[in-house]
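Welcome! Let's take a friendly first look at where the charged side chains of this protein sit and how they pair up.

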Amino acid sequence: MKQLMSGARRRTALIGGAVVVLVAAGLGTWATDTWPFDKDTYCWGAWKEGSGPDFLSGEALEEDNASRTSKETAPTPGRQRGRCTVTIHSERVSGGGEKVVEETEVTVAYGPAPEDAAERMEWIGGYLGGRAMPLPDGLPGATDGNRALLVLPKGCDAPGGRPTAVTLDSTARSVYSDSTMPAGAGLGGSQSVARLLVAVANRGMEKAGCAPAQPFEVVSPLTALPEEDESFFTRACRIRGLDLGEAAKELEYQVGAVTRDLQSCSVRLRRGAGRYFDALMVAQPRLSALFDGATGSRAPARGWRGTGVFADDYKVVRADCAGRPLTALMLAPSTRETTPYFAAFANAVARRLGCASVAPGSATR
């Protein structure tokens, strides 16, 4: 009987010891984020759950029926395109008892600049103009805190020479029974977006087989917008020649970047936020490469320097400026003739950078 009791005690001790070992192992795996407590990763493993911005945090899933899902296709050496989408869906009940659906979507695209010239101009202006500021540390890209673009090294160019870029876009909204309201996507601001973009660009280049010896890195802070939007003015963005006269009463403008590599001026209708025009200058070499093959082979009009195209919805010109290519772009509805404004912007930028005028004059209205 004593032997039986002793054996039982030994078995109990062994089982207890095994439980302690399993618990200790579990604590160890939790502390190191290994199985069975792995945190979810997204966008080809570039982002990890709980790694910083709100849209990756546990708090984003605290509402009833909240879920975070992802869908992705990674680039490969044989297919230099990839896409990743992280979606958050949640539901809550407002103070008035109304059901509210919250939706957030963050999308990353890896691939060459659009082939169609008009589509490419709109694409470039959307990421580099408006409130976008250049990425720090010489990285060829920009972000406005909600979307971003980074041009990859030449070794990642598509066949035919179009540069490959990584873009990040975000949308968020609250859907009520009778309306839909925009919301913040929880990206954490421009500095956070820059880090998210660089992380996914590095992983994308690894998957595509074109990663450089030194990966991209964000070390320095982004510069802030030089000023907020202005709605009481006659001269847009403080640029001589962009005097909009009586039309200015219905407009507002935003001064964007004003650097050696990038400058922008966005003019919008106050009601409806429609575009009046967006003006952009690009001189950074890899960003300038986005325009390759889309600026024609001759001057866009008599008296203009360099090469360019005056199309219905955009005007673009490229010319040498102190040994570097300067490209000026203006996007505007085809119903509005903006050549004098484009000339004024292009010449003002050239003058600021210390090179010869691009346009034959800076006529005003």
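What follows is a short tour of salt bridges and surface charge in this predicted model.

## Charged pairs

Side chains of opposite charge can pair when their charged atoms come close. Here, the count comes to 17 salt bridges.

One of them joins E122 and R275, with 2.8 Å from N to O. Because E122 belongs to helix α2 (residues 117–128) and R275 to strand β13 (residues 275–282), this pair ties together parts that are 153 residues apart in sequence. E122 is partly exposed at 38% relative accessible area, and R275 is also partly exposed, at 24%.

## Two further bridges

D243 pairs with R235, their closest N and O atoms being 3.1 Å apart. R235 counts as partly exposed, with a relative accessible area of 37%.

In another salt bridge, D261 meets R324, and the closest N and O atoms are 3.0 Å apart. D261 sits in the loop between β11 (251–258) and β12 (262–269) while R324 lies in strand β16 (residues 324–331), so the two link parts that are 63 residues apart in sequence. Is each partner buried or partly exposed? D261 is partly exposed at 27% relative accessibility, whereas R324 is buried at 17%.

## A shared network

Some salt bridges have partners in common: E122, R268, R275 and D278 are joined in this way into one network.

## A negative patch

On the surface, D54, E59, E62, E63 and D64 form a negative patch. Among them, E62 lies in the loop between β2 (47–48) and β3 (64–73). With 61% relative accessibility, E62 counts as exposed.

Technical notes. Residues are numbered from 1 along each chain as its sequence is written. This is a predicted model: local features need pLDDT of at least 70, side-chain atom pairs count only at pLDDT 80 or more; totals for chains, interfaces and linings use all residues. Side-chain values use heavy atoms; hydrogens and water are left out. Patches are made of residues with over 30% relative accessible area and no salt bridge: like charges are joined within 9 Å, nonpolar side chains (Val, Leu, Ile, Met, Phe, Trp, Tyr) within 5 Å. Accessible areas come from the Shrake-Rupley method with a 1.4 Å probe; for residues, only the protein chains shown count as cover. A salt bridge is a side-chain nitrogen of Lys or Arg within 4 Å of a carboxyl oxygen of Asp or Glu. Lys and Arg count as positive and Asp and Glu as negative; His and the chain ends are not counted. The place of a charge is taken as NZ of Lys, CZ of Arg, CG of Asp or CD of Glu. Helices (H or I, at least four residues) and strands (E, at least two) are DSSP runs, numbered from the N terminus. Buried means under 20% relative accessible area, exposed over 50%, partly exposed in between (1.4 Å probe, protein chains only).
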